[in-house]
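I set out to record how the parts of this model meet one another. The entries below follow the order in which I looked things up.

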Amino acid sequence: MKKIGIIGDRATVSGFIALGYTVFEAENTADAKEALLRLAEDEEYAIIFIVDRYARELEEEINKYSGRKAPAITVLPDALSREGELSFGMMRIKRNVERAVGADILFRD
Amino acid sequence: MPTINVNPTRMELKKLKGRLTTARRGHKLLKDKRDELMKQFLNIVREEKDLRASLEERLAKVKGSFEVAAATMSRRVLTEALMLPKSEGTLTVTDLNAMSVTVPRFYYEEVPRTGGVSYGFLYTSGELDRAVEELSDMSAELVRLAELEKTAELMAAEIERTRRRVNALENIMIPGYEETIKSISMKLDENERGNTTRLMKVKDMMLEAQREANRAREADRAGITGASV
């Protein structure tokens, strides 16, 4: 049995305790980075969610694990994508499509 | 297109022809693999996008509810209320092989603890109940999102790799082989023609020599008969 970790500011992530997630409260990017690296190296955690705000800043660290099978580091969908401005999670989907297809065919409308 | 540097011999030609067939077959297989990967990838990415969009909206609502709850309750009570998990989900991970890409598959099973929220209703606000309820409804979908995202990432990397291989075969290896095979067979043909002309020339020379010898013999015989007369 594997665990699910979640990293983010208190207001966003505290509710996830009720779901049985392992919650790491981080008040700044440095804390979030430390928690992320620790969780990513811990094989107990299969899924790590990270809030949009910190994921933006820790893109490099997240990308280091994107080629690996585990863990799955996913940007928590806690920011809204609006017209013309995508949330970071959506941006990552877009970039992934560009990488595979060579052009963005999902968001072009 | 630069040719491969090999000796223009029949052996090399045969070897190269074999390699060209293999390269062509590999190219076709890889192309098919790329197309199929792309098809699956696009399906996954579309689902991922829609799921993320819907989760974004739902989570925003939950966040709103939490904020209201936090405003009407003291921080201590809120922390206390959330301390015990409402449900304990079990997550098991298995590997799935999708077009030679190993992707994780998450199975999330929710095991409700007490059949409801794990705090008393007395000191907490109704907004909190709603928020926790909504969050726990989203749980399975969040896990699905993580699975889709990882799958898409791994597939994108594989597509990129496969595409590069297809391009290398199509634009460099196969034309290189073709060019080399052409140049070797041209050289061999040229040698063949050279040989033929040489043989013809030698034959001419031999015939000439024979004719010369015949003429000399005739002359000799004429001389002998002339002398005897």
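I took two residues to be in contact if their C-beta atoms, placed from the backbone, lie within 7 Å. This is a predicted model, in which local features need pLDDT of at least 70 and side-chain atom pairs count only at pLDDT 80 or more, while totals for chains, interfaces and linings use all residues. Residues are numbered from 1 along each chain as its sequence is written, and chains are lettered from A in the order in which they are written.

Entry on I7(A). Beyond its neighbours within four places in sequence, I found I7(A) in contact with F24(A), A26(A), A32(A), A35(A), L36(A), I48(A), I50(A), V51(A) and Y54(A).

Entry on the core. I looked up the largest nonpolar core (buried Ala, Val, Leu, Ile, Met, Phe, Trp, Tyr and Cys residues joined through C-beta atoms within 7 Å; buried means 20 or more other C-beta atoms within 10 Å of a residue's own). This core has 63 residues, and I7(A), I47(A), I50(A) and M155(B) have the most contacts inside it. Helix 3 (residues 126–228) of chain B supplies its largest share, 14 residues; helices are DSSP runs of H or I of at least four residues, numbered from the N terminus. Domain 1 (3–78) and domain 2 (79–109) of chain A both contribute residues, so the core lies between them; the bounds come from an automatic or database domain assignment.

Entry on the domains. I noted 21 Å between the centres of domain 1 and domain 2 of chain A, taken over C-alpha atoms.

Entry on the chains. I found 34 residues of chain A in contact with 46 residues of chain B. Helix 5 of chain A gives the most to chain A's side, with 7 residues.

Definitions and conventions. A residue is buried if 20 or more other C-beta atoms lie within 10 Å of its own, exposed if 12 or fewer, and partly exposed in between; C-beta atoms are placed from the backbone. Helices (H or I, at least four residues) and strands (E, at least two) are DSSP runs, numbered from the N terminus.
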